[in-house]
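Thanks for coming. I will go through one structure today, part by part, and keep to what can be read off the coordinates.

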Amino acid sequence: MENTVIKERLCSLRALMREKHIDYYMMPTADFHNSEYVNDYFKVREFFSNFSGSNGTLLVWQEGAGLWTDGRYFIQAQAELEGTGVDLFRMLDAGVPTLEEFLKERMKTGETLGFDGRVISAMEGRKLEKALEEKKVSFACTEDLADTLWKDRPPFPAGKITVLAESIAGKSMEEKLSETRAKVKEAGADSLLLTKLDDLMWLFNIRGCDVECNPVAMSYGFITQTGAVLFLQERALDEKTRQYLEAHSVQLYPYEGIVEYLKGLPGDSRVLTDERHCSYLLYKILCERCEPVEGKNPTELLKAVKNPVELAHMQEIYLKDSVAVTKFIYWLKTNIGKQEITEVSAADYLEGLRRQIPEFLDLSFPTIAGYKANAAMMHYEATPENCAQLKPEGMLLVDSGGQYLGGTTDVTRTIVLGPISDEIKKHYTLVAAGLLQLAAARWLYGCTGRNLDICARQPIWKEGLDYKCGTGHGVGYILNVHEGPQNLRWRFTDGMTEAVIEEGMDITNEPGIYVEGRYGIRIENVMIAKNDVKNEYGQFMHFETLTWVPIDREGIDERYLNDTQKELLAWYQKEVYKKISPYLTQEERDWLKKETGAEQ
């Protein structure tokens with residue numbers, strides 16, 4: 001079916017491109033800070049393509065349009081792009097060119113590539129410069145063409161900023177600034193331009209609400225060895241937050257003042273700049289004015305290693321969150337087929353349980369509740385107008401989490417609602433085996449997620465299967481649900497960070513199997529990396545699990561588990577019962593005892 005709305009928008013965009021003498025126009029999924037999730041104001045790519053995933057880049061030219069996205073979104077993108085005239089480019093698939101390769105091949109000498117330089121990272125901009133240098137391509141990067149064409153564009157975000165108490169944060173702003181300054185000095189710089197929103201929130205012990213489910217505020221920071229400047233929107237500050245920042249000697253500037261501030265820097269300034277997050281426009285200003293020092297934001301690693309206060313709060317919050325999810329599973333299994341339940345009403349019920357937790361602030365991302373074939377779309381989102389009704393058959397995948405005053409949670413369970421095939425049972429068991437193997441891993445310090453990813457994939461790879469995404473990611477502390485630099489994946493591409501797993505890092509463990517048009521399976525826990533024994537061979541490490549939600553025994557076929565995996569499953573299930581049962585009703589407790597095998 002033809003999508004006339006999108007086609008008309010693209011037609012208007014092409015007309016404006018001709019007027020501006022732009023041959024190709026690029027629109028990524030990003031805001032001015034290269035955030036993964038963005039406020040509605042920045043959803044330009046979705047406006048012109050209909051693709052709503054959190055990762056993808058739209059390229060438009062006079063004869064066509066293309067969308068590049070990764071394996072998490074292939075099924076979703078194919079459906080949402082239908083009838084738009086936008087072709088899907090499946091990133092990392094054999095024979096599919098990268099965006100840079102496509103532009104290098106298609107663009108003619110002397111043509112112009114347009115994009116809003118505020119939403120393209122310096123890294124991406126420099127890659128494009130190098131790829132298109134021989135063709136003498138010009139960049140038109142000072143205009144956002146959507147501003148002219150998007151008549152009912154949502155307002156620019158400016159939610160209220162709040163202060164995070166030191167008793168919750170675990171470290172004062174001064175301590176964090178001191179640690180950051182030391183890392184800046186080690187990098188050979190005298191100052192730091194900080195543009196990554198969750199890093200800014202962590203450093204200054206503040207939180208915002210400018211992105212759905214992500215407690216961040218639109219801001220920039222500039223840190224020297226003797227001072228700190230924070231660029232914020234005036235309307236986002238209340239008197240309490242202003243007094244807090246000023247009492248800690250933070251200079252406050254208007255959010256829009258970052259450009260003029262950088263233009264006024266001394267010419268001999270050596271500014272540490274993370275090209276992955278700094279915009280191309282700000283980077284070019286720095287290059288004209290002074291000497292950027294290339295490197296990663298030191299705040300990223302400092303933030304990723306949770307301090308003892310944060311870890312203590314997280315253990316409490318994850319236990320409470322696990323109780324809520326366990327209660328949800330009991331409710332679902334007890335009521336399926338007896339009352340009408342849809343993907344949306346199931347998600348709402350789970351949210352209601354989380355809201356009963358005193359520390360609850362918000363969801364950490366919109367709940368993914370996918371029934372049967374819908375679960376094959378990794379980032380599926382049901383709506384009241386278009387959602388499946390659940391029946392006592394098949395499986396429901398629920399990926400969800402909460403923001404709490406004390407932690408950010410992320411947990412997935414695939415729940416058996418009724419009869420399932422032997423094939424599905426086999427695949428469910430392989431996923432569970434992968435999760436259990438990774439949770440039980442022991443390794444020498446120095447390993448990265450590339451080394452550990454195989455622990456989760458090995459049972460799945462053994463059967464000639466795979467999942468087109470990483471196995472795990474870091475999780476923020478009352479911040480973004482996706483956090484780096486730690487992650488678990490077997491393959492790293494340009495722009496990805498491969499980091500050593502450090503003690504105190506939290507990371508998800510979420511293997512899966514997805515069969516398009518039929519079903520999807522994912523089981524996810526969050527773990528903390530801990531030091532283990534240290535001997536003549538070095539420092540050994542292991543994971544401690546934070547998530548205690550039962551693995552559905554109805555999905556397990558023990559024929560596909562070896563003896564070690566069976567022992568790991570039995571241990572985990574009994575630990576779930578021991579930790580969760582004190583918070584349940586007698587009926588829930590009886591069910592959980594049977595579900596976990598604790599009665600044996």
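**Backbone, cavities and salt bridges**

Just after H9, Asn205 takes a positive phi of about 55°. Keep in mind that this is a predicted model. Asn205 is in the loop that runs between helix H9 (197–204) and strand E9 (206–207). Is Asn205 buried or exposed? The relative accessible area of Asn205 is 2%, and the cut-off for buried is under 20%, so Asn205 is buried.

Helix H9 itself is mostly covered, with eight of its eight residues buried. Among them are Asp198, Asp199 and Trp202. Two of those names, Asp198 and Asp199, will come back when I get to the salt bridges.

Two other backbone points. Leu92 also has a positive phi, near 75°, and Leu92 is not a glycine. Leu92 sits in the loop between strand E4 (87–90) and helix H4 (99–106). Then there is a cis peptide bond, with omega about 10°, between Gly484 and Pro485. Pro485 is part of strand E23, which covers residues 483–488.

Next, some strand pairing. Strand E10, residues 219–224, is mostly covered: five of its six residues are buried. What does E10 pair with? On one side of the account there is strand E8 (residues 191–194), which runs antiparallel to E10 and is joined to it by four bridges. One of the bridge pairs there is Ser191 with Thr224 of E10. There is also strand E11 (residues 228–232), again antiparallel to E10, over five bridges. In that pairing Ile223 has Ala228 of E11 as its bridge partner. The connection from E10 to E11 is a hairpin through three residues.

Now the cavities. How many cavities of 30 Å³ or more does the structure hold? There are three. The largest cavity has about 110 Å³ of space. Its lining includes Tyr25, Met26, Met27, Phe32 and Phe42, along with Asp116, Asp144 and Arg153. Strand E1, residues 24–27, gives the most to this lining, with three residues. By class, the lining has nine nonpolar residues, no polar ones and three charged ones.

The second largest cavity holds about 40 Å³. Ile329, Lys333, Arg413, Thr414, Ile415, Pro550, Ile551, Asp552 and Glu595 line this cavity. Helix H14 (308–335) and strand E20 (411–416) each supply at least two of the lining residues, and E20 gives the most, with three. The class count here is four nonpolar, one polar and four charged.

A word on annotation. The unreviewed UniProt entry places a feature called "domain: Peptidase M24 C-terminal" at residues 539–596. In the model, the end C-alpha atoms of residues 539–596 are 34 Å apart, and the span is 50% helix and 12% strand.

Last, salt bridges. The count comes to 44, and I will show three. The side chains of Lys196 and Asp199 meet at 3.2 Å, N to O. Are these two residues buried or exposed? Lys196 has 10% relative accessibility, so Lys196 counts as buried. Asp199, at 0%, counts as buried too.

The second example is Lys372 with Glu393, at 2.5 Å, N to O. This pair links distant parts of the chain, 21 residues apart, with both Lys372 and Glu393 in the loop between strand E16 (368–371) and strand E17 (395–400). Lys372 has a relative accessible area of 31% and is partly exposed. Glu393 is partly exposed as well, at 33%.

The third is Glu498 with Arg450, at 2.9 Å, N to O. Here the partners are 48 residues apart: Glu498 is in the loop between E23 and strand E24 (506–509), while Arg450 is in helix H17, residues 449–461. Glu498 is partly exposed, at 33% relative accessible area, and Arg450 is partly exposed, at 37%.

There is one network to point out. Salt bridges with shared partners join Lys196, Asp198, Asp199, Lys303, Lys306, Glu483 and Asp506. That brings us back to helix H9, where Asp198 and Asp199 are among the buried residues.

Conventions. Residues are numbered from 1 along each chain as its sequence is written. This is a predicted model: local features need pLDDT of at least 70, side-chain atom pairs count only at pLDDT 80 or more; totals for chains, interfaces and linings use all residues. Side-chain values use heavy atoms; hydrogens and water are left out. Buried means under 20% relative accessible area, exposed over 50%, partly exposed in between (1.4 Å probe, protein chains only). UniProt positions are given in the numbering used here, feature names are shortened, and annotations may be inferred rather than shown by experiment. On a 1 Å grid over the protein atoms alone, a cavity is a set of points where a 1.4 Å probe fits but cannot get out, and a pocket is an open set with protein on both sides within 12 Å along at least five of seven lines; lining residues have an atom within 4 Å of a point. Grid points are joined across faces, edges and corners, and a volume is the space filled by probe spheres set on the points. Ala, Val, Leu, Ile, Met, Phe, Trp, Tyr, Cys and Pro count as nonpolar, Asp, Glu, Lys and Arg as charged, and the others, Gly among them, as polar. Two strands pair if DSSP finds at least two bridges between them. A salt bridge is a side-chain nitrogen of Lys or Arg within 4 Å of a carboxyl oxygen of Asp or Glu.
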